[in-house]
Amino acid sequence: MATNRTFTMIKPDAVEKGHIGGILSMITEAGFRIVALKLTQLTKADAEAFYAVHSARPFFGELVEFMTRGPIVAAILEKENAVEEFRTLIGATNPADAAEGTIRKKYATSVGENAVHGSDSDENAAIESAFHFAGREQF
Ligand code: UDP
């Protein structure tokens with residue numbers, strides 16, 4: 001059964017361009033409740049651990065450099081069937097393939113600098129949420 005929470009990051013490209021407010025608006029207007037929220041910055045070790053599943057991929061070094069170059073917004077979101085609903089809201093990894101009305105269609109610039117992260121499974125949503133937030137920071 002799907003759980004009702006997912007984890008997201010607004011990535012450094014979108015924070016740099018001033019899109020925190022626009023992206024959070026799209027998220028809340030789509031019916032997600034914000035359960036936890038903070039502005040933070042990943043260390044190299046954080047980014048390497050967070051994206052460990054991609055460590056053998058050719059873009060891994062670039063991805064770690066990108067994700068650590070400035071602040072990110074980390075958040076936990078709640079909605080029925082949250083993981084799948086949020087993947088639909090963010091759109092395809094490559095903004096060229098992202099559907100109209102998605103966050104990546106509006107704010108992403110490339111397959112690497114694609115504005116937002118969304119967990120790809122309930123299991124990863126729980127792991128990624130715990131990576132960033134203590135239980136007392138979740139409402
Ligand atoms: N990425 C990249 N180059 C690629 C594929 C992915 O830089 O060719 C980056 C991109 O920032 C993406 C992240 O690696 O969001 C994780 O990739 P994944 O395939 O898990 O995409 P997502 O789940 O974020 O859509």
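Here is a chat about a predicted model, its sheet, its ligand shell and a few of its residues.

Student: Hi! What am I looking at here, and what does UniProt say about residues 3-137?

Tutor: Hi! This is a predicted model. An unreviewed UniProt entry gives residues 3-137 as "domain: Nucleoside diphosphate kinase-like". Over that stretch the chain is 41% helix and 18% strand. The end C-alpha atoms of the stretch are 19 Å apart.

Student: Let's start with the strands. In what order do they form the sheet?

Tutor: The order is S2-S3-S1-S4, in an open sheet of four strands with antiparallel pairing.

Student: Which strands stand at the edges?

Tutor: S2 and S4 do. Each has a single partner strand, so one side of each is left without a neighbour in the sheet. On average, neighbouring strands of this sheet are turned by 15 degrees against each other, direction ignored.

Student: What holds paired strands together in a sheet?

Tutor: In general, strands of a sheet pair through backbone hydrogen bonds, and the pairing can be parallel or antiparallel.

Student: How many bridges does S3 make with S1, and how many with S2?

Tutor: Strand S1, residues 5-10, pairs with S3 over six bridges. Strand S2, residues 33-40, pairs with S3 over seven bridges. Both pairings run in the antiparallel sense.

Student: Can you give me a residue to click on? What stands opposite valine 73 in S3?

Tutor: Isoleucine 10 stands opposite valine 73, and so does leucine 39. You could also click on arginine 5, whose bridge partner in S3 is glutamate 78.

Student: Is strand S3 mostly covered or mostly open?

Tutor: Strand S3, residues 72-78, is mostly covered, with six of its seven residues buried.

Student: And which helix lies across S1 and S3?

Tutor: That is helix H7, residues 122-132, running at about 55 degrees to S1.

Student: OK, new topic: the ligand. Which residues surround the ligand?

Tutor: The shell is His54, Phe59, Leu63, Thr93, Val111, Gly112, Asn114, His117 and Asp120. By type, these residues divide into three nonpolar, five polar and one charged.

Student: Which residues does UniProt place under "binding site"?

Tutor: The unreviewed entry places that feature at Lys11, Phe59, Arg87, Thr93, Arg104 and Asn114. Phe59, Thr93 and Asn114 also appear among the residues surrounding the ligand.

Student: Where does phenylalanine 59 lie, and is it buried or exposed?

Tutor: Phenylalanine 59 lies in the loop between helix H3 (44-50) and helix H4 (60-67). It counts as exposed because it has 12 C-beta neighbours inside 10 Å.

Student: What about asparagine 114, buried or exposed?

Tutor: Asparagine 114 is buried, because 23 other C-beta atoms lie within 10 Å. Its place is in the loop between helix H6 (103-107) and strand S4 (116-118). Leaving aside neighbours within four places in sequence, asparagine 114 is in contact with Thr93, Pro95, Arg104 and Ala108.

Student: Which residue does UniProt list for "active site"?

Tutor: The unreviewed entry lists His117. Histidine 117 lies in strand S4 and is partly exposed, with 19 other C-beta atoms within 10 Å. Beyond its neighbours within four places in sequence, histidine 117 is in contact with Thr8, Met9 and Lys11.

Student: There's another histidine in the shell. Where is histidine 54?

Tutor: Histidine 54 is in the loop between H3 and H4. With 13 other C-beta atoms within 10 Å, histidine 54 is partly exposed. Setting aside neighbours within four places in sequence, histidine 54 is in contact with Phe60 and Leu63.

Student: How many residues separate histidine 54 from aspartate 120 in sequence?

Tutor: They are 66 residues apart in sequence, and 13 Å apart in space from C-alpha to C-alpha.

Student: Last one: which residues other than glycine have a positive phi?

Tutor: Two to look at are asparagine 81, with phi near 55 degrees, and alanine 115, with phi near 70 degrees. Asparagine 81 is found in the loop between S3 and helix H5 (82-90), while alanine 115 has its place in the loop between H6 and S4.

Student: Are those two buried or exposed?

Tutor: Asparagine 81 counts as partly exposed, with 14 C-beta neighbours inside 10 Å. Alanine 115 is buried, with 28 other C-beta atoms within 10 Å.

Technical notes. Residues are numbered from 1 along each chain as its sequence is written. This is a predicted model: local features need pLDDT of at least 70, side-chain atom pairs count only at pLDDT 80 or more; totals for chains, interfaces and linings use all residues. UniProt positions are given in the numbering used here, feature names are shortened, and annotations may be inferred rather than shown by experiment. Helices (H or I, at least four residues) and strands (E, at least two) are DSSP runs, numbered from the N terminus. A residue is buried if 20 or more other C-beta atoms lie within 10 Å of its own, exposed if 12 or fewer, and partly exposed in between; C-beta atoms are placed from the backbone. Two residues are in contact if their C-beta atoms, placed from the backbone, lie within 7 Å. Two strands pair if DSSP finds at least two bridges between them. A residue is near a molecule or strand if its C-beta atom, placed from the backbone, lies within 6 Å of it. Ala, Val, Leu, Ile, Met, Phe, Trp, Tyr, Cys and Pro count as nonpolar, Asp, Glu, Lys and Arg as charged, and the others, Gly among them, as polar. Axes are lines fitted to C-alpha atoms, for helices over the stretch in contact, and angles run from 0 to 180 degrees between N-to-C directions.
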